[in-house]
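Visitor: Please walk me through this one, and tell me what you mean by each term as you go.

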Protein chains: 2
Amino acid sequence: MILDVIRASRTVSRVELADATGLTQATVSTVVRKLIDEGLVVEVGRGASTGGKRRTLLQIEPTARYAFGAQLGSDATTFVLADLGGATVSRWRRGPLMKVAPDQAVAVVADELDGIVERAAIDRAKLSGVGLVAPGPLLAATGIVLAPPSMRGWVDFPLRERLEQATNLPVLLDNDATATAAGLYWTDGIAPKATLAALFMGQGIGAGLLYGGQVHRGAGGNAGEIGHITVDVDGPECWCGNRGCVEAIAGPVPTVERAREAGIDLGDPERSVVAAFGQLARLALGGDPKDLEVVGTSARYVAVAAHTLVNVIDPDLLVLTGPAFAVAGPLYLPVVANHVMARRFARHSTSIDVRLSTHGPEAAALGAAALVLQAELAPRGTEQAQA
Amino acid sequence: MILDVIRASRTVSRVELADATGLTQATVSTVVRKLIDEGLVVEVGRGASTGGKRRTLLQIEPTARYAFGAQLGSDATTFVLADLGGATVSRWRRGPLMKVAPDQAVAVVADELDGIVERAAIDRAKLSGVGLVAPGPLLAATGIVLAPPSMRGWVDFPLRERLEQATNLPVLLDNDATATAAGLYWTDGIAPKATLAALFMGQGIGAGLLYGGQVHRGAGGNAGEIGHITVDVDGPECWCGNRGCVEAIAGPVPTVERAREAGIDLGDPERSVVAAFGQLARLALGGDPKDLEVVGTSARYVAVAAHTLVNVIDPDLLVLTGPAFAVAGPLYLPVVANHVMARRFARHSTSIDVRLSTHGPEAAALGAAALVLQAELAPRGTEQAQA
């Protein structure tokens with residue numbers, strides 16, 4: 001807890017730590033001493049005088065630990081090496097691994113890890129672990145149990161175990177949307193008490209939830225499945241087994257399909273849905289009414305899902321994130337923000353901030369690394385993921 | 001935390017407490033000594049021998065504290081006096097106070113409190129406080145800011161302040177659905193780590209959320225507004241300002257209206273919606289196809305809302321509660337349970353328990369009392385309500 005406050009404050013004195021945590025100064029001093037001895041925290045000079053003695057300021061030592069995050073996306077695989085301060089040391093992408101045999105994919109991820117450790121000249125002992133995220137639902141302890149259509153070959157594969165063997169490091173598996181929420185908290189200076197909802201759009205639609213610095217995974221690690229809420233009881237069947245899901249009506253897959261039916265040229269029909277969706281967004285940003293209409297239809301439904309999420313969770317902050325918003329974000333943000341602000345239940349009592357993530361397509365991989373760092377620093381937040 | 005574990009365990013030894021909390025035995029012993037000195041915990045003999053010395057068992061002293069809970073409902077006002085063990089000492093109802101001037105209502109609640117303290121012969125010093133719950137959205141610190149149609153006269157009335165003056169006790173205000181979740185946790189032996197969603201139906205539809213023993217109120221105290229999610233984007237306008245809300249399409253108000261339009265006799269048109277809805281449920285339980293069809297339409301939409309709630313929160317346990325389910329519960333339970341079980345996103349990875357509350361119409365008032373007891377025993381859970 002103390003470490004989390006130091007991290008969130010950037011620099012902080014022991015007295016301020018005692019105030020913020022409610023712990024006694026003696027307890028704070030003991031814990032801080034231990035953190036300094038472990039090299040996780042350093043003293044960085046003195047704060048401004050407030051009449052008495054100037055206070056020594058503390059901050060996280062960013063090079064004390066590193067974490068490796070990987071996101072299995074349908075369009076690409078994204079890798080991030082992050083330091084303990086939440087900064088991105090390196091990030092890169094390669095082709096999608098979802099359709100590769102999972103054993104091969106594990107070997108590729110382990111290779112990429114070895115490569116970056118060498119290139120960045122990092123002491124491997126400082127690596128806290130590997131975070132691997134993919135579209136849900138995942139069972140954190142064992143692997144993937146119900147895969148989206150793009151990952152059917154991964155069902156029942158013991159992903160965590162194999163990747164731990166291949167890397168000789170602890171591995172955390174999680175949902176990409178959940179990881180994104182952790183990443184935002186870790187890197188975007190979100191207040192420790194904030195309630196955050198991250199609406200994540202890749203090929204599918206999900207959400208990551210975070211309250212008081214802890215991600216909410218739900219009883220089985222599948223909270224936040226906002227793409228699979230019914231917005232039309234008589235709507236089309238969804239791959240998840242429900243009917244009228246917002247993802248099936250207005251996610252990137254049906255939206256790209258609708259655009260192609262309307263004769264809009266989105267390039268090679270074999271390219272990934274996220275890439276084709278990005279192309280549609282670029283055309284719409286150019287102002288063509290036909291392109292705008294297709295995107296607008298999707299945005300209106302995504303706004304309904306965002307409204308549901310906000311009414312159920314009542315967050316301070318709603319962030320649109322994930323690869324599908326990397327280009328299309330500016331088209332969706334005003335529609336979602338206006339709908340949510342005008343219609344949310346609590347609009348007369350509290351304010352809400354609706355914004356686009358600044359991390360674009362790396363949000364989930366960075367979040368995967370953040371989950372590993374959080375597990376190292378504030379283990380209570382990861383109990384469910386480890387269960 | 002220790003007190004919460006003792007309460008949840010009913011009887012527990014100091015060694016088990018140390019195991020369950022992760023605290024050292026020395027810390028546990030110190031805290032337990034303090035709790036015994038304060039009269040909150042008592043020693044109740046020894047457990048079975050496990051080879052060594054038999055361990056002294058601890059339990060909550062139920063008569064150490066009491067709390068008074070009141071629910072302002074559209075059909076009735078419900079009062080509960082609960083003890084520290086979560087048992088209901090007394091419960092009673094009187095006519096609705098919502099349409100009374102709020103100053104008068106405050107006087108009535110204070111009178112009822114004086115009356116029960118006298119009848120139950122309780123030392124007033126043992127009363128921890130008053131919990132008052134009503135349909136949301138409430139602003140816990142100040143009063144009601146956006147009232148449902150039945151409570152427009154209460155907007156901006158300083159309810160908490162006036163009731164504290166009238167009773168000379170601390171007052172907690174909260175949403176009825178949120179309180180219900182706390183009440184279930186307090187009285188129904190819900191595991192401390194459980195994720196619970198309570199779907200509450202009175203005149204409106206809401207939900208209470210509880211994770212790890214703490215209610216989730218959201219940033220502004222308005223989490224769980226599942227009645228105001230869109231299930232039909234082209235649906236009718238709702239009083240909340242949104243369109244196609246499940247409450248506006250299938251809650252007790254439109255359901256009673258639909259029944260009357262179909263010529264079903266629900267008695268005096270002036271009676272409360274909840275009472276008329278109960279009458280409709282009684283007729284449907286009798287097996288008449290016309291009555292069953294009207295209820296069935298509502299149940300199918302309520303099941304959609306329940307499915308959304310489950311996909312967003314991923315709970316272990318979904319409980320149908322609130323006065324509208326008191327009679328109609330058995331008609332809704334199978335529809336909701338089947339829909340949720342067959343369609344929820346996580347159905348292949350985890351199980352969920354869907355059940356009816358056993359507290360019927362007292363659930364929210366008992367929850368109001370539970371919130372007061374929880375504020376006394378485990379203050380961290382009530383930070384937001386007090387903020």
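Guide: By helices (H or I, at least four residues) and strands (E, at least two) I mean DSSP runs, numbered from the N terminus. This is a predicted model, in which local features need pLDDT of at least 70 and side-chain atom pairs count only at pLDDT 80 or more, while totals for chains, interfaces and linings use all residues. Residues are numbered from 1 along each chain as its sequence is written, and chains are lettered from A and ligands numbered from 1 in the order in which they are written.

Visitor: OK, where is P361(A) found?

Guide: P361(A) sits in the loop of chain A that runs between β15 (353–356) and α12 (363–377).

Visitor: Is P361(A) buried or exposed?

Guide: P361(A) counts as buried, because it has 24 C-beta neighbours inside 10 Å. The cut-offs are 20 or more other C-beta atoms within 10 Å of a residue's own for buried, 12 or fewer for exposed, and anything in between for partly exposed, with C-beta atoms placed from the backbone.

Visitor: And which residues is P361(A) in contact with, leaving aside its neighbours within four places in sequence?

Guide: Those are T78(A), P323(A) and A326(A), where contact requires the C-beta atoms, placed from the backbone, to lie within 7 Å. By contrast with those contacts, the C-alpha atoms of P361(A) and V44(A), 317 residues apart along the chain, are separated by 34 Å.

Visitor: Zooming out, how many helices and strands does chain A have?

Guide: Chain A has 13 helices and 15 strands. Its radius of gyration is 22 Å, close to the 21 Å from the globule rule for 387 residues, so chain A is as compact as a globular protein of that length; the radius is taken over C-alpha atoms, and the rule is 2.2 Å times the number of residues to the power 0.38. Along the principal axes, the C-alpha atoms of chain A fill a box of roughly 70 × 55 × 40 Å, and 55% of the 387 residues of chain A count as buried. Among the contacts of chain A between residues at least 6 apart in sequence, 62% join residues at least 24 apart.

Visitor: What rotation superposes chain A on chain B?

Guide: A rotation of 180 degrees, with 0.1 Å of shift along its axis, superposes chain A on chain B with an RMSD of 0.1 Å, the fit being by least squares on the C-alpha atoms of residues with pLDDT of at least 70 in both copies. The two copies are therefore related as by a two-fold rotation axis. In chain A, the C-alpha nearest the axis belongs to V231(A), at 2.4 Å from it.

Visitor: How many residues does the contact take from each of chain A and chain B?

Guide: The contact takes 40 residues from chain A and 40 residues from chain B. On the side of chain A that touches chain B, the largest share, seven residues, comes from helix α10 (residues 289–313) of chain A. By class, this side of chain A has 19 nonpolar, 16 polar and five charged residues, with Ala, Val, Leu, Ile, Met, Phe, Trp, Tyr, Cys and Pro counted as nonpolar, Asp, Glu, Lys and Arg as charged, and the others, Gly among them, as polar.

Visitor: Different topic: which strand does β5 (residues 77–83) of chain A join, and over how many bridges?

Guide: Six bridges join β5(A) to strand β6 (residues 88–94) of chain A, and the two run antiparallel; strands pair when DSSP finds at least two bridges between them. One of these places has A82(A) with T88(A) in β6(A) as its bridge partner. β5(A) and β6(A) form a hairpin with four residues between them, and G86(A) in the turn has a positive phi of about 90 degrees.

Visitor: Which residue other than glycine has a positive phi near 50 degrees?

Guide: That is A121(B), whose place is in the loop between α4 (102–119) and β7 (127–134) of chain B. A121(B) is exposed, because 6 other C-beta atoms lie within 10 Å. N168(B), also not a glycine, has a positive phi of about 60 degrees, and N168(B) lies in the loop between α5 (159–167) and β10 (171–175) of chain B. N168(B) counts as exposed, with 10 C-beta neighbours inside 10 Å.

Definitions and conventions. Two residues are in contact if their C-beta atoms, placed from the backbone, lie within 7 Å.
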